[in-house]
Amino acid sequence: MTAIGGYQAPESEPGRLGVHSIGEFVLSVPAPERAADFYGAFGLTVADAGDQVSLSTADGYRWGRVVGGRRKALHHIAFHCFEEDLPRFKAHLEGMDIRLLAPPAGFDSNGLWLMDPDGLAIEIRVGPKTSPDGKALPAALDAEAGARCAPYRRDAGRVRPRRLSHILRFTPDVERMLGFYARALGLRLSDRSGTNIAFMHAIHGSDHHVVAFARSEAPGLHHLSWDMPSLDSVGLGAIAMADRGWKMGWGLGRHVLGSNYFHYVRDPWDSFSEYSFNIDYIPAATDWEPADHPGEDSFYLWGPEMPPEFIFNAEAAQG
Ligand SMILES: [Fe+2]
């Protein structure tokens with residue numbers, strides 16, 4: 001693969017080329033059956049087919065699969081593009097001297113497969129735009145005077161994530177990943193804190209970040225973030241997970257970069273799933289001005305003290 005340098009903003013012109021969404025992630029773990037318990041409790045619809053567990057939201061969209069493997073690692077991420085852009089991507093990637101690969105065994109597709117600088121297989125395929133086309137404004141938090149506002153706990157029900165929002169990965173070289181994802185996939189930098197962490201959005205309208213990279217000694221999955229319909233649903237999700245024994249995590253808090261309210265729950269493989277509410281939205285027509293922020297703004301605005309295991313890279317520890 002051609003060496004790809006640091007981040008440069010892609011040209012901002014009509015017809016610019018870029019993926020519009022995350023289509024699906026595939027996670028490889030030693031005991032995929034544990035995924036059904038965790039993600040089922042988290043609020044996803046799980047289907048355990050023996051050799052793999054699929055993870056869907058209530059609308060039936062499958063966001064991820066968990067497959068068996070010797071060690072925990074992302075197996076690949078599929079990004080979606082518009083149909084007319086797939087041949088453009090093929091020419092674009094070939095023009096960059098990026099080697100197109102055969103699909104991995106068991107994942108035959110008509111998409112384009114390539115390897116990112118951290119050795120993760122990436123697919124670009126035609127698929128639905130799963131990133132939102134606008135910002136879903138939150139429901140009012142208050143009730144009229146003279147009426148009860150909070151629901152009874154017995155009526156609160158089970159919370160369900162609406163969609164996958166973003167994937168944050170550890171990487172030894174944030175700058176190199178920014179360069180690759182900007183030049184090869186057409187993502188754009190949203191915000192960063194030096195070379196420690198950076199957030200990227202998709203150019204056809206997406207959340208403040210669909211992918212993000214945090215510096216570590218080795219590649220790894222840090223968290224999957226799931227969009228929730230309300231702040232209440234973040235809190236209800238957190239307490240429901242704790243009731244089921246999934247107590248480790250971090251929250252409730254609010255991020256500065258992305259602005260979302262969060263509660264993270266540690267998964268069986270020492271990465272996290274995030275309940276996220278009200279993340280910033282970057283419309284296609286907005287030329288978002290990225291900024292380099294001080295470290296204190298890269299973690300949170302408010303919340304409990306961050307537990308040390310939150311920045312533990314289990315995949316680095318696997319060797
Ligand atoms: Fe997140």
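**Group meeting: a mixed sheet and its covered helix**

Of the 319 residues in this protein, 42% count as buried. Keep in mind that this is a predicted model.

Overall dimensions first. The radius of gyration is 19 Å. A compact globule of 319 residues would come out near 20 Å, so the value agrees with that expectation. Along the principal axes, the C-alpha atoms fill a box of roughly 65 × 45 × 35 Å. One pair gives a sense of the span. Ala-91 and Glu-144 are 53 residues apart along the chain, and their C-alpha atoms are separated by 58 Å. Ala-91 belongs to helix H2, residues 85-95. Is Ala-91 buried or exposed? Exposed: it has 10 other C-beta atoms within 10 Å, and the cut-off for exposed is 12 or fewer.

Now the contacts. Take those with a separation of 6 or more. In that set, 69% join residues 24 or more positions apart.

On to secondary structure. There are six helices and 18 strands. Nine strands make one open sheet with mixed pairing. Please follow the order on screen: E14-E15-E16-E13-E8-E12-E10-E9-E18. The edges are E14, residues 249-254, and E18, residues 291-292, and each pairs on one side only.

Start at the E18 end. E18 pairs with E9, residues 188-193, in the parallel sense, over two bridges. Look for Arg-192: its bridge partner in E18 is Asp-292.

Move inward to E12. This strand, residues 211-215, is mostly covered, with four of its five residues buried. What does E12 pair with? E8 runs parallel to E12, joined by five bridges. Phe-170 has Ala-214 of E12 as its bridge partner. E10 pairs with E12 in the antiparallel sense, over four bridges. There, Ala-198 stands opposite Phe-213. Strands of a sheet pair through backbone hydrogen bonds, either parallel or antiparallel.

At the E14 end, turn to helix H5, residues 231-243. H5 lies across E14, E15 and E16. The helix runs at about 15° to E15, residues 261-266.

Next, helix H4, residues 174-183. How many of its ten residues are buried? Seven, so we call H4 mostly covered. The buried residues are Val-174, Arg-176, Met-177, Leu-178, Phe-180, Tyr-181 and Ala-182. Note that Arg-176 is on that list. What covers them? The cover includes E8, E9, E10 and E12. E8 spans 163-171, and E10 spans 197-201.

That brings us to the core. The largest nonpolar core has 71 residues. H4 gives the most to this core, with six residues. Which residues have the most contacts inside the core? They are Phe-79, Ile-124, Leu-178, Tyr-181, Ala-198, Met-200 and Ala-212. Leu-178 and Tyr-181 are among the buried residues of H4. Ala-198 is the residue we just saw opposite Phe-213. In soluble globular proteins, nonpolar side chains tend to be buried together.

Last, zoom in on Phe-79. Leave aside its neighbours within four places in sequence. Phe-79 then contacts Val-19, Ser-21, Ile-22 and Gly-23. Its contacts also include Ile-122, Glu-123, Ile-124 and Leu-185. Ile-124 is itself one of the residues with the most contacts in the core.

To recap: a nine-strand open sheet with mixed pairing, a mostly covered H4, and a largest nonpolar core of 71 residues. Over to you for discussion.

Terms used. Residues are numbered from 1 along each chain as its sequence is written. This is a predicted model: local features need pLDDT of at least 70, side-chain atom pairs count only at pLDDT 80 or more; totals for chains, interfaces and linings use all residues. The radius of gyration is taken over C-alpha atoms; the globule rule is 2.2 Å times the number of residues to the power 0.38. A residue is buried if 20 or more other C-beta atoms lie within 10 Å of its own, exposed if 12 or fewer, and partly exposed in between; C-beta atoms are placed from the backbone. Two residues are in contact if their C-beta atoms, placed from the backbone, lie within 7 Å. Two strands pair if DSSP finds at least two bridges between them. Axes are lines fitted to C-alpha atoms, for helices over the stretch in contact, and angles run from 0 to 180 degrees between N-to-C directions. A nonpolar core is a set of buried Ala, Val, Leu, Ile, Met, Phe, Trp, Tyr and Cys residues joined through C-beta atoms within 7 Å.
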